Amino acid sequence: MLLLLPPSSSLFASRFKAHGFPTPGRLDRQRMPLLHTPRRRGSRLPALASSDDVDAFTKYSGYLFEGGVSSEAEFLDAYDLPLITSIYRRKPFLVLRRFLQISATFGRWVTVRYLDSVSDRSDEMFKASSTRAAELRAILLELGPAFVKIAQAVSSRPDVIPPAYLEELSLLQDRITPFSTEIAFNMIEKELGQPIDILFSEISPEPIAAASLGQVYQARLRSSRKVVAVKVQRPGVQAAISLDIFILRYIAGFVRRAARLNTDLQAVLDEWASSLFREMDYRAEAMNGLKFRKLYGGLQDVFVPEMYLEQSSRRVLIMEWVDGNKLSEVKDIYLIEVGVYCSLSQLLDYGFYHADPHPGNLLRTSDGKLAYLDFGMMGEFRQELRDGFIQACLHMVNRDFDALSNDFITLGLLPPTAQKDEVTKALTGVFQNAVNKGVRNISFGDLSGNLGRTMYKFKFQIPSYFSLVIRSLAVLEGIAISFDPNYKVLSSSYPWIARKVLTDSSPQLQSTLQTLLYKEGVFRIDRLESLLTESLRAKTEQSLVRKEVEDSDSNKAIKQVLSFTLTEKGAFVKEILLQEFAKGIDALGLATLETLTSAAAARLPFTIGYSSSFMDNEDIANLRTLNRLLLLLSRLQKNENPNSEVNYANSGENKNASVEELSLVLYQMTSAQDILPILSVIPELPSESQQQLVRLPADLAGRLLSRVVARSIRRIFV
């Protein structure tokens, strides 16, 4: 006897919507429970699609896998190019039929699209564009998962894709006509080795969503009574993808030879194919999900569902059910910031990142958190590449385009034999105008587009990992600008990068910071000011809190600076600051001595023929740096933006500059009202930071004494 749960069709529809998936067509017209008690095998199950809906992939491309025509490719454990090649070289007629299908299908669409563009019916172009977009979506569905995946990669860029196409391609994320539920239930039983009614006490009679590789059911585990999502792989996808990759590799090789490209398009395609094959292994996806949950599940307002690895197989995945809406539909800019923070943590902290964050995989949960789904396509970012990426961002923002060309070699975008002078000139042309707008106004889309044109002109290489890394950030900006056209992902990313370079213990990044802050031995305090100012905008795990009102704490900035400079993470920056303060105080002593000597000489009744100075140009520069450091502290406690421009003393500058600098420094030091708020935050610092602060005077005195002794010895014996 069947026991049906009481929820009505309205609740069923609301749960579909809450999960971020569309309500299936037939379910709007009939009353059906969300979950039902599983039927025994052989019983008739209701179909999700209406009679008008057809699984286009099976209808038009089913010949690729039906009847065991490609059974060898369907059961590959991983992407194996030699084996795939050997399989399809024995099936020339199948390869030819598929090639002709692809060519003819796209050829017809391109021809009609071209005729639209050259026709004089401009008033009908908008309607034609919508029609062609719908036709393109239908073509992609006919050709299958490989082409759908390519379309998904561009379906989240409203600044790149025309609106009509964006709307249609976005439907490919999770609104694909499902395959037969009976086939799906048979696969679940075959893969997991148990009848449906033994595995689940309840299961939805229809799939909740269908995507390119599989479809999802909601169920309740009989063993634990927990509500779960059951993802079942679409039949024939691996065989179809294998053949399509085989054909696309030949096309990629032809294009590379014809266009004389440096980029190995076949290697890029192989990397993508490898990740796609890993995505089709649901046990690997479950392990990825477990690792992702361990690394990032504890971040503020980030939710990663639990994976049931022991109850999953290669083609069936069981994971925790998540209620929520698509992030792209809720217009929550705070969660975009959470996503940027999480993405940067993935890319630059641990190097294990979600490589397929399209809008269908990012949800806003019912309790306001950012949920990540679908862990089939993940990427690994090696440490040297992470450091190279940070260095490239720093050099770009600071207009050091010569160093940027070296970063491109580190990242594998340029070969070591490249003509760096020409590349530097080209990069200057690409980035100069963008950087002049300020880092907060740089568009990731425009930047990547301009860089893409330069890479094509100079035949740059495109490493296999590069497109996945760039896409992971571009998707977030694409979602954000769909409801905030002024959003810039780099504006949110750079503060995080600035904070990391100031606090990271990596020798490579510390060397980069040293080079960035010093030029020919001269301390460039303007760059330190810029890094500190940007780092204060960075979101930290503690600051990732949804706020209705801005924090009014006037000491927040100085508290943050003291907090990270007085910890182990800020030790390198603390050493630089102590050294520069020691130089400045030493120069202050010399300037004071020189001023007192000059004043005393002026009071004598006779003239002394004394014209030498205690200070040289380096001392004047150090005194100016001390003034800027004191000014920086004052502005930080007032939450003001420090001036990023600085003019250093020239070798021929008048020595009266030392008197002027002395006056400025003394003015800053006598502003007790600016120093007192700094002292007031000391009790609010962690005990470790307070202990470090107590030791600062002794450390500073030691460096100052060493400098005075060294200078005295130098002046006596040199």
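This section describes a surface patch and the aromatic contacts of a predicted model. Local features were accepted at pLDDT of at least 70 and side-chain atom pairs at pLDDT 80 or more, whereas totals for chains, interfaces and linings use all residues. Residues are numbered from 1 along each chain as its sequence is written, and side-chain values use heavy atoms, with hydrogens and water left out.

The structure holds 12 aromatic pairs (rings of Phe, Tyr and Trp, the last by its six-membered ring, with centres within 6.5 Å; planes under 30 degrees apart are stacked, over 60 edge-to-face, the rest tilted). Among them, Tyr88 and Phe246 form a tilted pair, at 6.0 Å centre to centre and 35° between the planes. This pair links distant parts of the chain, since Tyr88 belongs to helix H4 (residues 81-89) and Phe246 to helix H11, 158 residues apart; helices are DSSP runs of H or I of at least four residues, numbered from the N terminus.

Phe246 also pairs edge-to-face with Tyr250, at 5.4 Å centre to centre and 75° between the planes, both residues lying in helix H11, 4 residues apart. Phe246 is buried, with a relative accessible area of 8%, whereas Tyr250 is partly exposed at 49% (buried, under 20%; exposed, over 50%; partly exposed, in between; 1.4 Å probe, protein chains only). Elsewhere, Phe292, Tyr296, Tyr350, Tyr372 and Phe375 form one aromatic cluster.

On the surface, Leu96, Phe99, Leu100, Ile251, Phe254 and Val255 form a nonpolar patch (side chains of Val, Leu, Ile, Met, Phe, Trp or Tyr joined within 5 Å, each residue with over 30% relative accessible area and no salt bridge, that is, no side-chain nitrogen of Lys or Arg within 4 Å of a carboxyl oxygen of Asp or Glu). Helices H5 (92-118) and H11 (237-259) each supply at least two residues of the patch.

Terms used:
Patches are made of residues with over 30% relative accessible area and no salt bridge: like charges are joined within 9 Å, nonpolar side chains (Val, Leu, Ile, Met, Phe, Trp, Tyr) within 5 Å. Accessible areas come from the Shrake-Rupley method with a 1.4 Å probe; for residues, only the protein chains shown count as cover.
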